[in-house]
Amino acid sequence: MINQSKKFIYLISPSKINNLTFFKNLNLVLKSNKVNFFQLRLKRVNMKKKILLAKKIYKICKKNNVKFIINDDPYLASKVNADGCHVGQNDTSIIKSRQLLKKKILGVTCHNSKRLALNAKKEKADYIAFGSFYKTTTKKVKYFAKKSILKWSIKNINIPTVAIGGVNETNYKELLKNGACYVAMSGYIWNNKKYSPSEAISKIT
């Protein structure tokens, strides 16, 4: 289960992790005490490398009291003893993921769909994610969400919501004002051409 806190950032990893600088930057970012979740989201990386990276990241998350979430793969989440897993609509089913994860955190992507959100709640998801709310270069956007779905979710779902997609220092407050419990950030932190990762997180107040 999830305990609400003042740490409202849901941080997602860069798509590639190739050097030791990442781990140093991750520690600095998590030390800001603004991040509640860190999600390891890697595509086209073999399982052996994922496990090695996950074990290193797990230690950094633990040290900074941040929940460590694995994207797409409840098997990997169980293997590395992560705090939970986030699944999309085309990944392992919510029911099967829950069986694998037992009492660990399970998050579900719901795009801009009330039907998917209601189903996620019915199948015992711990949080749901809506988006994309803004244009993003982190991943190809198939669905855009309206901020009104965040207010709808408060009344009808009543489990924590994560707002994803193109979130940065200029728009995150709008999502929180509309009812998001957490805002997901990735490109703004890791691919920022103006600020280092620690400088980028410092702009979020």
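This is a short walk through the structure above, from the whole chain down to a few single residues.

Let's begin with the overall picture. The model is a predicted one, and its chain is built from nine helices and eight strands. How does the radius of gyration fit with a compact globule? A compact globule of 205 residues would have a radius of gyration near 17 Å, and the chain has 16 Å, so the two agree. If you prefer to think in box dimensions, the C-alpha trace spans about 45 × 40 × 30 Å along its principal axes.

The burial and contact figures add to that view. Of the 205 residues, 54% count as buried. Among contacts with a separation of 6 or more, 58% are accounted for by residues 24 or more positions apart. On the outside, the chain exposes about 11100 Å², and carbon and sulfur atoms supply 51% of that area. The charges may catch your eye too: there are 42 positive and 9 negative ones, yet their mean positions are 2 Å apart.

Now let's step inside, starting with two asparagines. Asn-36 has its place in strand S2, which covers residues 35-40. Is Asn-36 buried or exposed? Its relative accessibility is 2%, and because buried means under 20%, Asn-36 counts as buried. The side chain of Asn-36 has a polar partner there, reaching the backbone oxygen of Lys-7 at 3.3 Å.

Asn-171 offers a companion case in a loop, namely the one between strand S7 (161-164) and helix H7 (172-177). With a relative accessible area of 10%, Asn-171 is buried as well. Its side chain reaches the backbone oxygen of Gly-166 at 3.1 Å. Leaving aside residues up to four places away in sequence, Asn-171 touches Tyr-134 and Gly-166.

Towards the end of the chain we meet Ile-204, in the segment after helix H9 (197-202). Its relative accessibility is 0%, so Ile-204 counts as buried. Which residues does Ile-204 touch, not counting those up to four places away in sequence? The list is Phe-8, Ile-9, Lys-34, Asn-168, Glu-169, Tyr-172, Met-185 and Tyr-188. For a sense of distance, take Gly-187, which is 17 residues from Ile-204 along the chain: the C-alpha atoms of these two residues are separated by 14 Å.

Finally, a look at the backbone. Most residues other than glycine have a negative phi, and most peptide bonds are trans. Against that background, three places deserve a visit. The peptide bond from Gly-131 to Ser-132 is cis, with omega near 15 degrees. Ser-132 is found in the loop that runs between strand S6 (127-131) and helix H6 (148-156).

The other two places concern phi. Arg-44 is not a glycine, but its phi is positive, near 55 degrees. You will find Arg-44 in the loop between S2 and helix H2 (47-63), and its relative accessible area of 89% makes it exposed. Lys-102 also has a positive phi near 55 degrees. The place of Lys-102 is in the loop between helix H4 (94-101) and strand S5 (105-111). At 60% relative accessibility, Lys-102 counts as exposed, since the cut-off for that label is over 50%.

Definitions and conventions: Residues numbered from 1 in each chain as written. Predicted model: local features only at pLDDT ≥ 70, side-chain atom pairs only at ≥ 80, totals over all residues. Heavy atoms only, no water. Helix = DSSP H or I, 4+ residues; strand = E, 2+ residues; numbered from the N terminus. Rg over C-alpha atoms; globule rule 2.2 N^0.38 Å. Buried < 20%, exposed > 50% of the residue type's maximum accessible area, 1.4 Å probe, protein only. Contact = heavy atoms within 4.5 Å. Areas by Shrake-Rupley, 256 points an atom, 1.4 Å probe, with all protein chains shown as cover. Lys, Arg positive; Asp, Glu negative; His and termini not counted. Charge placed at Lys NZ, Arg CZ, Asp CG, Glu CD. Polar contact = N/O pair within 3.5 Å; in protein donor to acceptor, adjacent residues only side chain to side chain.
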